[in-house]
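Visitor: I should like to take a close look at a single part of this protein and to see how it sits in the whole. Would you please guide me through it in one connected account?

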Amino acid sequence: MSFPCPQDVCIYDTDSPQVQEQKYMEAINKHPERKDEYLLMLYFVYCEMKQREKAVACSEEALKITTNDAHRARAHYQLGNSYKYHDNYPLAIASYQRALDILPNDVGLIMDIGECYFNSKDYLKALDTYKKILVTVDKNGKIAELDYYQCAVSVYLAMKNEEQAIVCYEKMLAIEGNDPKLDTLRQLAAIHHQNCQYEKAKP
């Protein structure tokens with residue numbers, strides 16, 4: 001999910017987190033009607049400062065006061081990230097799902113939910129989640145097929161299902177067309193080599 005910095009707050013990458021925190025706090029005092037927006041940006045500042053509890057508090061407060069659906073989705077997403085950071089995958093999934101309910105075409109959120117199931121070793125639910133990518137149309141009217149196969153191949157490899165992993169790699173190569181990624185070729189060749197299919201392993 002993208003979330004641009006508010007234009008009226010001048011934040012530079014070279015600013016220290018402490019300076020950024022001060023600028024956002026000043027912005028909240030100056031523009032209290034936009035407090036939810038600034039709180040959501042403070043989340044990133046506190047994460048960088050390793051102050052995770054403050055980061056979560058910003059998202060939770062923004063969620064309570066916002067009337068903006070995009071900001072509400074961002075708050076749920078941030079909470080999902082915080083839960084995932086602490087390996088609390090059930091709560092992370094619940095938060096990501098709330099964000100996805102607001103932004104149903106956000107492929108990144110689908111991938112985040114699938115990743116949580118994957119990390120929980122619930123591979124079948126991970127696959128079922130990733131398959132939703134194939135029926136999700138982005139703002140350009142396209143389906144992120146490559147994203148699906150990149151996610152699915154990791155699941156199939158974890159399940160030791162090399163046959164389906166090979167199918168995914170071949171689909172990825174077909175999508176990449178005349179400019180295939182070297183990593184895709186290497187991983188597919190590695191599976192063929194492991195299975196002693198040396199001719200197929202050749203570039």
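Guide: A term is needed at the outset: pLDDT is the predictor's confidence in each residue, on a scale from 0 to 100. The model shown here is predicted, and its average pLDDT is 87, with 86% of the residues scoring at least 70. Among the elements, helix 5 (residues 89–102) has the highest mean pLDDT, 98, whereas helix 11 (residues 198–201) has the lowest, 50. Where pLDDT is low, the predicted coordinates should not be read in detail.

The part chosen for the close look is helix 7, but its setting comes first. The secondary structure consists of 11 helices and zero strands. Of the 203 residues in the protein, 40% are buried. Among contacts with a separation of 6 or more, 43% join residues 24 or more positions apart. The protein exposes about 11900 Å², of which carbon and sulfur atoms supply 51%.

Helix 7 spans residues 123–131, and its buried residues are Tyr123, Ala126, Leu127, Thr129 and Tyr130. These residues lie on the same side of helix 7, because they cover an arc of only 165 degrees around the axis. The general geometry is familiar: an α-helix has 3.6 residues a turn, so residues three or four places apart point the same way. The cover over the buried residues of helix 7 includes helix 6 (107–119) and helix 8 (145–158).

From this buried side the account passes to the largest nonpolar core, which has 35 residues. Tyr130, already met in helix 7, is one of the residues with the most contacts inside that core, together with Tyr96 and Ile133. The elements that give two or more residues to the core are helix 4 (69–85), helix 5, helix 6, helix 7, helix 8, helix 9 (162–176) and helix 10 (182–194). Helix 8 gives the most to this core, with seven residues. In soluble globular proteins, nonpolar side chains tend to be buried together.

Ile133 deserves a further word. With neighbours within four places in sequence left aside, Ile133 is in contact with Val107, Ile110, Met111, Ile143, Ala144, Asp147 and Tyr148. Apart from the largest core lies another, of 17 residues, including Ala27, Leu39, Tyr46 and Cys47.

Several positions elsewhere in the chain may be set beside the buried side of helix 7. Thr66 is found in the loop between helix 3 and helix 4, and it counts as buried because its relative accessibility is 7%, where the cut-off for buried is under 20%. The side chain of Thr66 makes a polar contact with that of Asp36, at 2.6 Å. Beyond its neighbours within four places in sequence, Thr66 is in contact with Asp36, His71 and Arg72.

Glu53, by contrast, counts as exposed, because its relative accessibility is 74%; this residue belongs to helix 3 (residues 52–65). Between Glu53 and Tyr43, which are 10 residues apart in sequence, the C-alpha to C-alpha distance is 9.7 Å.

Two loop residues complete the account. Lys50, in the loop between helix 2 (35–48) and helix 3, has a positive phi of about 65 degrees although it is not a glycine; Lys50 is exposed, with a relative accessible area of 64%. Asp87, in the loop between helix 4 and helix 5, is likewise not a glycine and has a positive phi of about 60 degrees. The relative accessible area of Asp87 is 52%, and Asp87 is therefore exposed.

Definitions and conventions:
Residues are numbered from 1 along each chain as its sequence is written. This is a predicted model: local features need pLDDT of at least 70, side-chain atom pairs count only at pLDDT 80 or more; totals for chains, interfaces and linings use all residues. Side-chain values use heavy atoms; hydrogens and water are left out. Buried means under 20% relative accessible area, exposed over 50%, partly exposed in between (1.4 Å probe, protein chains only). Helices (H or I, at least four residues) and strands (E, at least two) are DSSP runs, numbered from the N terminus. The arc is that of the directions from the helix axis to the C-beta atoms. Contact means heavy atoms within 4.5 Å. A nonpolar core is a set of buried Ala, Val, Leu, Ile, Met, Phe, Trp, Tyr and Cys residues joined through side-chain atoms within 4.5 Å. Accessible areas come from the Shrake-Rupley method with a 1.4 Å probe; for residues, only the protein chains shown count as cover. A polar contact is a pair of N or O atoms within 3.5 Å; within protein, one must be able to donate a hydrogen and the other to accept it, and residues adjacent in sequence count only if both atoms are side-chain atoms.
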